[in-house]
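Please open the structure in your viewer and keep the selection tool handy. We will go from stop to stop, picking a few residues each time.

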Amino acid sequence: MARTDRLMRLMDALRRLPAPVTAARLATETGVSRRQLYRDIATLRAGGALIDGEAGLGYRLTEDPALPPQSFSRLEIEALVLAVGDLRQTGDAALEAAGQSALARIIATLADQQARQAMHTVLRSFRPPPARAAVAVDMALLRRACWEELALDLRYRDLKGRITEREVWPLGISYSDRTLMLLVWCCLRQDWRIFHASGIEQAELNGRSFRPRRVSLLREYAATQARVLSSIQA
């Protein structure tokens with residue numbers, strides 16, 4: 001592999017992988033030995049790349065505007081444009097606008113040829129937005145509660161019209177063709193619950209935090225669902 005290509009692959013791995021990234025992972029991603037990887041890290045640092053960390057601990061890249069722009073393959077550019085265009089399927093105007101804004105900033109960092117490719121992609125999504133039940137709850141509030149691990153007091157009307165009020169720990173939001181769902185840990189039932197966003201009549205922050213439980217609860221939920229699926233398929 002040419003030296004320039006190897007260094008670009010290393011920069012891409014440092015940008016793409018969750019930091020800190022171990023030397024072993026970086027060596028695997030770039031297809032080189034650890035000894036070569038250490039030399040490449042040193043080369044990038046000498047060229048101005050701000051890479052923190054060391055062997056045995058992992059590496060973290062601090063982006064610098066003086067560094068060369070990111071590089072994408074033509075298919076990666078097509079995938080990005082297609083994915084952002086498909087955000088209209090969520091029915092969330094703020095989310096769609098955020099995707100368009102992020103894509104514009106990405107395109108602005110590309111080399112001229114790649115920027116032109118992004119402006120003339122051949123893949124498009126023309127599906128009309130699905131017909132979903134109207135959502136009254138503030139989606140920005142739900143997103144913030146998930147991100148910052150803030151407990152919510154909910155007033156919820158289920159599909160049978162029954163109303164309950166409970167404290168929940170919001171874990172994630174999911175979109176399907178016809179529904180918008182909120183995955184929570186229900187403090188009342190001490191179990192995971194999935195609520196239709198259209199059924200949430202009121203949601204308020206109650207001042208309590210459940211940090212740092214979100215990641216562990218999501219992992220436990222995924223493991224539980226995997227066991228259920230495995231038992232069904234057995």
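This tour goes through a group of paired strands, a loop between two helices, and a couple of cysteines. Keep in mind as you look around that the model is predicted.

**Stop 1: strand 3 and its partners**

Start by selecting residues 150–157, which make up strand 3. Now add residues 200–209, and you have strand 7 on screen as well. The two strands run antiparallel and are joined by six bridges. To see one place where they face each other, select Leu154 and look for Ala203 of strand 7 opposite.

Next, select residues 163–175 to bring in strand 4. Strand 4 also runs antiparallel to strand 3, and six bridges join this pair. Here, pick Leu152: Val168 of strand 4 stands opposite.

How many residues lie between strand 3 and strand 4 in their hairpin? There are five, and among the residues of the turn is Gly161, which has a positive phi of about 90°.

While the strands are on display, a general point may help with the view: in a regular strand, side chains alternate between the two faces of the sheet.

**Stop 2: the loop between helix 6 and helix 7**

Move on to helix 6 at 112–119 and helix 7 at 139–148, then select Val122 in the loop between them. Is Val122 buried or exposed? Val122 counts as exposed because its relative accessibility is 67%, and the cut-off for exposed is over 50%.

Keep Val122 selected and add Leu75 and Leu123: together these three residues make a nonpolar surface patch of about 320 Å². Showing the surface is a good way to view this stop.

Now select Thr121, which sits in the loop between helix 6 and helix 7 too. Thr121 has a relative accessible area of 8%, so this residue is buried. Which residues does Thr121 touch, leaving aside those up to four places away in sequence? They are Ile77, Glu78 and Val81, so colour them if you like.

**Stop 3: two cysteines**

Finish with Cys186 and Cys187. The count of disulfides here is zero, the rule being a pair of cysteine sulfur atoms within 2.5 Å. For Cys186, the nearest cysteine sulfur is that of Cys187, 6.7 Å away, and Cys186 is in no disulfide. Cys187 is likewise in no disulfide, its nearest cysteine sulfur being that of Cys186.

Switch on the surface once more for this pair. Cys186 is buried, because its relative accessibility is 0%, whereas Cys187 is partly exposed, with a relative accessible area of 22%.

Key. Residues are numbered from 1 along each chain as its sequence is written. This is a predicted model: local features need pLDDT of at least 70, side-chain atom pairs count only at pLDDT 80 or more; totals for chains, interfaces and linings use all residues. Side-chain values use heavy atoms; hydrogens and water are left out. Buried means under 20% relative accessible area, exposed over 50%, partly exposed in between (1.4 Å probe, protein chains only). Patches are made of residues with over 30% relative accessible area and no salt bridge: like charges are joined within 9 Å, nonpolar side chains (Val, Leu, Ile, Met, Phe, Trp, Tyr) within 5 Å. Accessible areas come from the Shrake-Rupley method with a 1.4 Å probe; for residues, only the protein chains shown count as cover. A salt bridge is a side-chain nitrogen of Lys or Arg within 4 Å of a carboxyl oxygen of Asp or Glu. Helices (H or I, at least four residues) and strands (E, at least two) are DSSP runs, numbered from the N terminus. Contact means heavy atoms within 4.5 Å. Two strands pair if DSSP finds at least two bridges between them.
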